[in-house]
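This report examines the fold, the charged contacts and the local backbone of a single protein chain. The sequence and the coordinates should be viewed together with the text.

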Amino acid sequence: MGNAFIKCVTVEEDGLLLQSLNIEEDQNGERKFPDIKLYWDDNPRIIGKVVAAFTPIERDFFIFRLSN
């Protein structure tokens, strides 16, 4: 089995360029989710389209207000 990635895809002459929208960096200043180049010889496949995304909210972030 291969890997699956959620990235923006650019079709290029020699393959696909998978670009991450996530710009988070690790403690060394390197991107946690770098861009990936896949060449046509590797038989890359697009298996789906992301139609929605969300960021979970930390539990301690919620503010509740009770009404009478």
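The sections below proceed from the overall fold to individual residues.

## Overall composition

The model is predicted, and all values given here were computed from it. The chain contains 3 strands and 0 helices, and its elements follow the order β-β-β from the N terminus on. Of the 68 residues in the chain, 9% are buried.

Contacts across the sequence can also be described by their separation. Among contacts between residues at least 6 apart in sequence, 31% join residues at least 24 apart.

## The sheet

The 3 strands are arranged as an open sheet in the order 1-2-3, with antiparallel pairing. Strand 1 (8-12) and strand 3 (36-39) are the edge strands; each has a single partner strand, so one side of each has no neighbour in the sheet. On average, neighbouring strands of this sheet are turned by 20° against each other, direction ignored.

Strand 2 comprises residues 15-19 and pairs with strand 1 in the antiparallel sense over 5 bridges. Strand 1 and strand 2 form a hairpin, and 2 residues lie between them. Two positions illustrate the register of this pairing: Cys-8 has Gln-19 in strand 2 as its bridge partner, and Val-9 stands opposite Leu-18, also in strand 2. In a regular strand, side chains alternate between the two faces of the sheet.

## A buried lysine without a salt bridge

Lys-7 belongs to the segment before strand 1. What is the nearest side chain of opposite charge to this buried residue? It is that of Asp-35, at a distance of 5.5 Å, and Lys-7 has no salt bridge. The cut-off for a salt bridge is 4 Å between a side-chain nitrogen of Lys or Arg and a carboxyl oxygen of Asp or Glu.

The side chain of Lys-7 does reach a backbone atom, namely the oxygen of Pro-34, at 2.9 Å. Neighbours within four places in sequence aside, the residues in contact with Lys-7 are Leu-18, Gln-19, Ser-20, Phe-33, Pro-34 and Ile-36. Two of these residues have already appeared in the sheet: Leu-18 stands opposite Val-9, and Gln-19 is the bridge partner of Cys-8.

## Salt bridges

The structure holds 4 salt bridges. One of them joins Lys-37 to Glu-12, with the closest N and O atoms 2.3 Å apart. Since Lys-37 lies in strand 3 and Glu-12 in strand 1, this pair ties together parts that are 25 residues apart in sequence. Lys-37 is partly exposed at 25% relative accessibility, and Glu-12 is likewise classed as partly exposed, its relative accessible area being 30%.

Lys-37 also forms a salt bridge with Asp-14, where the closest N and O atoms are 2.7 Å apart. Asp-14 is located in the loop between strand 1 and strand 2, whereas Lys-37 is in strand 3, so the pair ties together parts that are 23 residues apart in sequence. The relative accessibility of Asp-14 is 38%, which places this residue among those counted as partly exposed. A further salt bridge links the side chains of Glu-24 and Lys-32, at 3.5 Å from N to O. Glu-24 is partly exposed at 41% relative accessibility, and Lys-32 is partly exposed with a relative accessible area of 44%. Through shared partners, salt bridges join Glu-12, Asp-14 and Lys-37 into one network.

## A positive phi angle

Which residue other than glycine has a phi near 55°? The residue is Asn-43, and this phi value is positive. Most residues other than glycine have a negative phi. Asn-43 is found in the segment after strand 3 and is exposed, with a relative accessible area of 62%.

## Summary

The model presents an open antiparallel sheet in the order 1-2-3, in which strand 1 and strand 2 form a hairpin. Lys-7 is buried without a salt bridge, whereas Lys-37 is in a salt-bridge network with Glu-12 and Asp-14.

Technical notes:
Residues numbered from 1 in each chain as written. Predicted model: local features only at pLDDT ≥ 70, side-chain atom pairs only at ≥ 80, totals over all residues. Heavy atoms only, no water. Pairing = 2+ DSSP bridges. Helix = DSSP H or I, 4+ residues; strand = E, 2+ residues; numbered from the N terminus. Axes fitted to C-alpha atoms, helices over the stretch in contact; angles between N-to-C directions. Buried < 20%, exposed > 50% of the residue type's maximum accessible area, 1.4 Å probe, protein only. Lys, Arg positive; Asp, Glu negative; His and termini not counted. Polar contact = N/O pair within 3.5 Å; in protein donor to acceptor, adjacent residues only side chain to side chain. Contact = heavy atoms within 4.5 Å.
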